[in-house]
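User: I'd like to learn how to read helix faces, helix packing and backbone angles from a model. Can you take me through them one feature at a time?

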Amino acid sequence: MSTSNTITSDREKRVRLQDAIPLKMPLAVYIEVTSKCNFTCSFCPTGQDLGPGVGRDNMSFELFEKVVSDFKDFTKAAGKKIKKVNLFWMGEPLINKKVYDMARLLKDADIADTISMTTNGSLITPENARRLVKSGIDQI
């Protein structure tokens with residue numbers, strides 16, 4: 001099959017957002033597993049001192065379990081999965097040592113088509129890479 005036929009076929013499957021509203025399920029969910037970063041980029045607010053009252057911490061595994069449980073109930077009631085859950089918003093997810101367990105819990109809950117993570121990559125070691133693969137994460 002040619003690339004142009006594949007693209008046309010994919011476009012034909014798309015649902016126009018205006019025809020799908022109100023959505024039964026969010027298309028994507030970003031879960032901030034840490035608000036910390038190991039870089040201090042001048043252009044990024046995460047690496048800067050944002051003043052008092054702005055937390056810099058890891059999400060606890062217990063809170064993550066609650067989030068996943070709530071989404072499991074939500075997806076079951078809607079009868080649909082979330083298209084994509086990303087274990088990232090602004091912090092560096094690999095700083096949270098439980099992120100591998102979080103990814104596995106999310107994968108086992110079967111509430112999303114794709115589990116992803118955005119990382120600056122600086123903390124990926126051979127051991128961490130193996131743990132990411134075992135976690136069931138779909139995209140990095």
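**Helix 5 and its two faces**

Analyst: Let's start on the outside: Pro126, Val133 and Lys134 are exposed, on the face of helix 5 turned away from its buried side. Exposed means over 50% relative accessible area, buried means under 20%, and partly exposed is in between (1.4 Å probe, protein chains only). Helices here are DSSP runs of H or I with at least four residues, strands are runs of E with at least two, and both are numbered from the N terminus.

User: Before we go on, what am I looking at?

Analyst: This is a predicted model, where local features need pLDDT of at least 70 and side-chain atom pairs count only at pLDDT 80 or more, while totals for chains, interfaces and linings use all residues. Residues are numbered from 1 along each chain as its sequence is written, and side-chain values use heavy atoms, with hydrogens and water left out.

User: Which are the buried residues of helix 5?

Analyst: In helix 5, which spans residues 126-135, they are Asn128, Leu132 and Ser135. They line one face of the helix, because they fall within an arc of 60° when you look down its axis. The arc is taken from the directions that run from the helix axis to the C-beta atoms. That buried set packs against helix 4, where contact means heavy atoms within 4.5 Å.

User: What does Asn128 touch?

Analyst: Leaving out residues up to four places away in sequence, Asn128 touches Tyr100 and Leu123. Asn128 and Tyr100 are 28 residues apart in sequence, yet 8.7 Å apart in space from C-alpha to C-alpha. With a relative accessible area of 16%, Asn128 is buried.

**Helix 3**

User: How do I check whether a helix is regular in length?

Analyst: Compare its reach with the expected span, which is 1.5 Å times one less than its number of residues. Helix 3 (residues 61-78) has 18 residues and reaches 25 Å between its first and last C-alpha, close to the 26 Å expected.

User: Which are the buried residues of helix 3?

Analyst: Phe61, Phe64, Val68, Phe71, Thr75 and Ala78. They sit on the same side of helix 3, because they cover an arc of only 110° around the axis. Their packing partners are strand 1 (28-30), strand 2 (82-86) and helix 4 (99-109). Over on the other side of helix 3, you'll find Glu62, Asp73, Lys76 and Ala77 exposed. Leu63, also in helix 3, counts as partly exposed at 45% relative accessibility.

**Helix against helix**

User: How should I describe a packed pair?

Analyst: Two packed helices are described by the angle between their axes and the distance between the axes. Here, the axes of helix 3 and helix 4 come within 10 Å and cross at roughly 15°. An axis is a line fitted to C-alpha atoms, for helices over the stretch in contact, and angles run from 0 to 180 degrees between N-to-C directions. Helix 3 and helix 4 are therefore roughly parallel to each other: angles under 35 degrees count as roughly parallel, over 145 as roughly antiparallel, 65 to 115 as roughly perpendicular and the rest as oblique.

User: Is the crossing of helix 3 and helix 4 left-handed or right-handed?

Analyst: Right-handed, meaning the near helix is turned clockwise from the far one by less than a right angle, where anticlockwise would make it left-handed. As for who meets whom, Phe61, Phe64, Glu65, Val68 and Lys72 in helix 3 meet Asp101, Met102, Leu105, Leu106 and Ala109 in helix 4.

**Backbone angles**

User: How do I read a positive phi?

Analyst: Most residues other than glycine have a negative phi. Gly79, just after helix 3, has a positive phi of about 75°, and Gly136, which follows helix 5, has a positive phi near 90°. Asp110 isn't a glycine, but its phi is positive too, about 55°. Asp110 is in the loop between helix 4 and strand 3 (112-116), and is partly exposed at 46% relative accessible area.

User: And the chain overall?

Analyst: The protein chain has five helices and three strands, in the order α-α-β-α-β-α-β-α. Of its 140 residues, 31% are buried.
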